[in-house]
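Me: I should like to take a close look at one part of this model, namely the place where its two chains meet. Please explain it in connected prose, suitable for a student in the first year.

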Amino acid sequence: MNLAAVAAVTLATLLAGFYGLRLSRTTSDFYVASRGVSPLANASAIGGEYVSAASFLGIAGLVLAGGVDLLWLPVGWTGGYLVLLVLVSAPLRRSGAYTLPDFAEARLESMAVRRMASLLVVLIGWLYLLPQLQAAGRVLAMVTGSPPWAGGVLVAAVVIIGVLGGGMRSITLVQAFQYWLKLTALGVPLVFLLMAWKRDGSPGIADTGWLLPDTGDDSLYSTYSLILATFLGTMGLPHVLVRFYTNPDGAAARRTTAMVLGLLGLFYLLPSAYGALGKIYASDLATGTSPNTDAVVLELPGRIIGGTLGDVLAALLTAGAFAAFLSTSSGLTVSVAGVIGQDLFRGGVRSFRAATVLAVGVPLGLALAVPSSLPVATMVGLAFALSASTFCPLLVLGIWWRGLTAAGALAGLVTGGLLAGGAVVWTVVTEQTSGWVAQPGAWTVPLTFLVMVVVSRHTSRPPNTARTMVRLHTPEGVELDRGDWRPRRI
Amino acid sequence: MTERRIAVTSPRTGAARRRPGGGSKAREIDEQTRLGEVYMDALIRSQLKLSLSVCVVLVTFVGGLPLVFALADPVRESEVFGVPLPWLLLAVVVYPVFGALGWWYRRQAERTERDFVDMVERR
């Protein structure tokens, strides 16, 4: 039955991809769905793309292992959209850029900054894709007994076919559908699980160390570092930003983002309940020689309910998990491929296709070569830290401060990229998941801001800064000279 | 396939399309006069103030929680309807608060923009 669930989700994704093929004809269609997507569809698509395996499976697992302190993870992943809404959404859409490197080029008028931004988009995208593919392998092995490489290969293949089939238009439809699928797939089983728990006499949790926030200094540092990385990292995730260009104008971008906040808030009510039920019924998953906390969501129906109903619910959850693997991976692939296609290759649809294969192929190769036992949400947390330490300062200073210069931005991107990137490599290699290196946000983010400001103060501004500010901040309805910058040929 | 440029912003980017005789304030902005810069500064400053006020609420409300939990044991250990207060706050209450803040921000930001449009289009 689990296999059937995986097959159904895969088939539905592919069908939507081919449906999109008939709709997308020009290059512009291919990348950004011709900007003709309604706010609710767009918001659902952002939600669908954003809710990855880390949210669907990972949060419950980390909460099971670490208790209330890990609830900050979903809080930060939602709160990040609030920060994105107030600081970035409308100006970013108004910049007219397709990608983050486009924005860097438009604002700073520098190819060097553009190239650095491209490099970072690819790195962050791969860092985010890698755990998705690894977790897909673990999950498929768990539910069907397949070899551990099969899940990652399956997800990569479906993503390539889907993206090549229709580009962004199909992805938008698929993503919007996937949000609601994931919400249903996590929500419906939870209702049954809670009823079973009630029938069971509503057993409570006695472990106060797990129930109450940790108050040690280390834990306080980790919590604040996590808050900083998640709240500020969301705005720099490549698959999140590419969605903003599908809004018709700045005000619509704002409306879409506000709607995303609601959709995510609704979804993130669910995983913590799974974490708590897991603590009662499946706490053995967090202990022992090889803890497998990512499995808790899929294990619970069998343990609490069992029988045919338990199997059906587990199949539904498996379908949701695969929707999560596919949607996030597609979104990341489209944005990474867009950047590789534009900046490494010559641009155009053919480059985009070659770039797509490269965008998934590299993380797949890594996932197969380096089997990691780090939980999926931990790895994704590292991608947030890297994004918060590089793109957040670039966007916030670029949008709100005329003084940002190309040299300042470049110096900041290099500093943040090296420091946070180094911390990521150290964490992945040593598998140490606590301490100031594993949670680098608290020192790398302020440092990057500082470097950008100090270097900018001593260098000269791009010549068209004033015009660019008009472009970023004035509503589209007013007829003004906004400069003639266009995204490069694609 | 031939390479071509595709316009992706609103076509209304050029001053050339402006109605004859209209929008002297728009001209000030286009020509980047002192006055034009004052108009732009006012817009950016009021939007930034609004954004930062949301951020301040966020830092106080969200940023304060770990500290409160660490310093005030009564808060950390209290229960509401049998659920520990930290759970209730972090698993449920924060989400509607985020939503409300976002909704309020969007309304205010659109109001600021309407004011700017009115100001520019007034003769």
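Reply: The account below begins with the interface as a whole, turns to its charged pairs, and ends with the nonpolar core.

The model is predicted, and everything described here was computed from it. At the interface, 64 residues of chain A are in contact with 58 residues of chain B. The area buried between chain A and chain B is about 5,600 Å², and carbon and sulfur atoms give 68% of that area. Three residues, A:R254, A:W400 and A:E479, supply 12% of the area that chain A buries against chain B, which is more than any other three residues.

The polar side of the interface may be considered next. Between chain A and chain B there are eleven residue pairs in polar contact, counting pairs with both residues at pLDDT 80 or more. Several helices of chain A each supply at least two residues to the side that touches chain B, among them α2 (27-32), α6 (89-94), α13 (250-267) and α22 (465-473). The largest share comes from α5(A), with ten residues. Sorted by class, the side of chain A that touches chain B has 34 nonpolar, 15 polar and 15 charged residues.

The charged residues lead to the salt bridges. Side chains of opposite charge can pair when their charged atoms come close. The structure holds 13 salt bridges over all chains. B:E113 lies in helix α4 (residues 85-121) of chain B and A:R94 in helix α6 of chain A, so this pair joins two chains. In this salt bridge, the closest N and O atoms of B:E113 and A:R94 are 2.7 Å apart. Four salt bridges are found across the interface of chain A and chain B.

Are the two partners buried or exposed? B:E113 has a relative accessible area of 6% and is therefore buried, the limit being under 20%. A:R94 also counts as buried, at 6% relative accessibility. The pair belongs to a network of salt bridges that links A:R94, A:R254, A:E476 and B:E113. A:R254 was met above, as one of the three residues that supply 12% of the area chain A buries against chain B.

Two salt bridges within single chains may be set beside this one. In chain A, the side chains of A:R114 and A:E105 meet at 2.5 Å, N to O, and both residues are buried. In chain B, B:R45 forms a salt bridge with B:D41, with the closest N and O atoms 3.7 Å apart. B:R45 and B:D41 are four residues apart in helix α2 (residues 34-71) of chain B, so about one helical turn separates them. B:R45 is exposed, with a relative accessible area of 58%, whereas B:D41 is partly exposed at 26%.

The nonpolar core completes the picture. The largest nonpolar core has 184 residues, and those with the most contacts inside it are A:W77, A:F325 and B:F98. Helix α8 (residues 111-144) of chain A gives the most to this core, with 18 residues. Leaving aside neighbours within four places in sequence, A:F325 is in contact with A:A53, A:L57, A:Q132, A:A135, A:A136, A:V139 and A:V155.

Technical notes:
Residues are numbered from 1 along each chain as its sequence is written. Chains are lettered from A and ligands numbered from 1 in the order in which they are written. This is a predicted model: local features need pLDDT of at least 70, side-chain atom pairs count only at pLDDT 80 or more; totals for chains, interfaces and linings use all residues. Side-chain values use heavy atoms; hydrogens and water are left out. Contact means heavy atoms within 4.5 Å. Buried area is the accessible area (1.4 Å probe) that two parts lose on being put together, summed over both. A polar contact is a pair of N or O atoms within 3.5 Å; within protein, one must be able to donate a hydrogen and the other to accept it, and residues adjacent in sequence count only if both atoms are side-chain atoms. Ala, Val, Leu, Ile, Met, Phe, Trp, Tyr, Cys and Pro count as nonpolar, Asp, Glu, Lys and Arg as charged, and the others, Gly among them, as polar. Buried means under 20% relative accessible area, exposed over 50%, partly exposed in between (1.4 Å probe, protein chains only). A nonpolar core is a set of buried Ala, Val, Leu, Ile, Met, Phe, Trp, Tyr and Cys residues joined through side-chain atoms within 4.5 Å.
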